[in-house]
Amino acid sequence: MLFPTHLLVAALLSRASRLSMPWLVVGAAAPDVIDKPLGMVGVVELYHSVGHSVLLFAIVVPVAVSSAAGLGVAVGWASHLVADGLHVVVNGRPDALLSLGWPVVTPPDPLAIPPGAFFGYYVGSASFFLEVGLWVLGGVAVLSGSRAVSRVRGDGL
């Protein structure tokens, strides 16, 4: 999924839970903030490597149980992995889920195109339309929230 959509999913999770939006957003951003630069400078061959590996559970779980902020980061991070997993399955590339096991396993045919080129590849895919639906849901959530605030204040939207 595109980076802004991971942030949107974190915001929607915040609305549906008692978790802190800033910490959810930090966690949701972390996999791409870690992996995209590493891939761009050639440290790793894939754009889904260190930050997208479920092997980080060894670090994420202790962080999650340490505090409410840690739980927010862990849930945000997990939401990123789930959204990316959904993305590759919807687009007919379930073998790409193997990247979640990096560095132990890698997909047999990884889609190793830079993030900018990825956008052109992605527009019009099945997952792209799923993402558009998420943004519509986000818009509805914001609009309904602003209307509720207006009613409480007496502004009347």
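The following exchange covers a predicted model, in particular a helix pair and two residues.

Visitor: Why are H2 and H4 called oblique to each other?

Guide: The axes of H2 (residues 21-40) and H4 (residues 68-90) cross at roughly 45°. Angles under 35 degrees count as roughly parallel and 65 to 115 as roughly perpendicular. The crossing angle fits neither range, and H2 and H4 are therefore oblique. The axes come within 6 Å, and the crossing is right-handed.

Visitor: Which residues of H2 and H4 meet?

Guide: On the H2 side they include Trp-23, Leu-24, Pro-31 and Asp-32. On the H4 side, Val-73, Trp-77 and His-80 are among them. By class, this contact has 9 nonpolar, 5 polar and 1 charged residues.

Visitor: What makes Val-90 partly exposed?

Guide: Val-90, in helix H4, has a relative accessible area of 35%. Buried means under 20% and exposed means over 50%. The value lies in between, so Val-90 is partly exposed.

Visitor: Which residues does Val-90 touch, not counting those up to four places away in sequence?

Guide: Val-90 touches Ala-126, Ser-127 and Leu-130. Leu-130 is 40 residues apart from Val-90 along the chain, with their C-alpha atoms separated by 8.7 Å.

Visitor: How do you know that the side chains of Asn-91 and Ser-125 are joined by a polar contact?

Guide: The distance is 3.5 Å, and the cut-off for a pair of N or O atoms is within 3.5 Å. Asn-91 is found in the loop between H4 and helix H5 (115-122). Beyond four places in sequence, Asn-91 is also in contact with Tyr-122, Ala-126 and Ser-127.

Technical notes
Residues numbered from 1 in each chain as written. Predicted model: local features only at pLDDT ≥ 70, side-chain atom pairs only at ≥ 80, totals over all residues. Heavy atoms only, no water. Axes fitted to C-alpha atoms, helices over the stretch in contact; angles between N-to-C directions. Helix = DSSP H or I, 4+ residues; strand = E, 2+ residues; numbered from the N terminus. Parallel < 35°, antiparallel > 145°, perpendicular 65-115°, else oblique. Left-handed = near helix turned anticlockwise from the far one by under 90°. Contact = heavy atoms within 4.5 Å. Nonpolar A, V, L, I, M, F, W, Y, C, P; charged D, E, K, R; others polar. Buried < 20%, exposed > 50% of the residue type's maximum accessible area, 1.4 Å probe, protein only. Polar contact = N/O pair within 3.5 Å; in protein donor to acceptor, adjacent residues only side chain to side chain.
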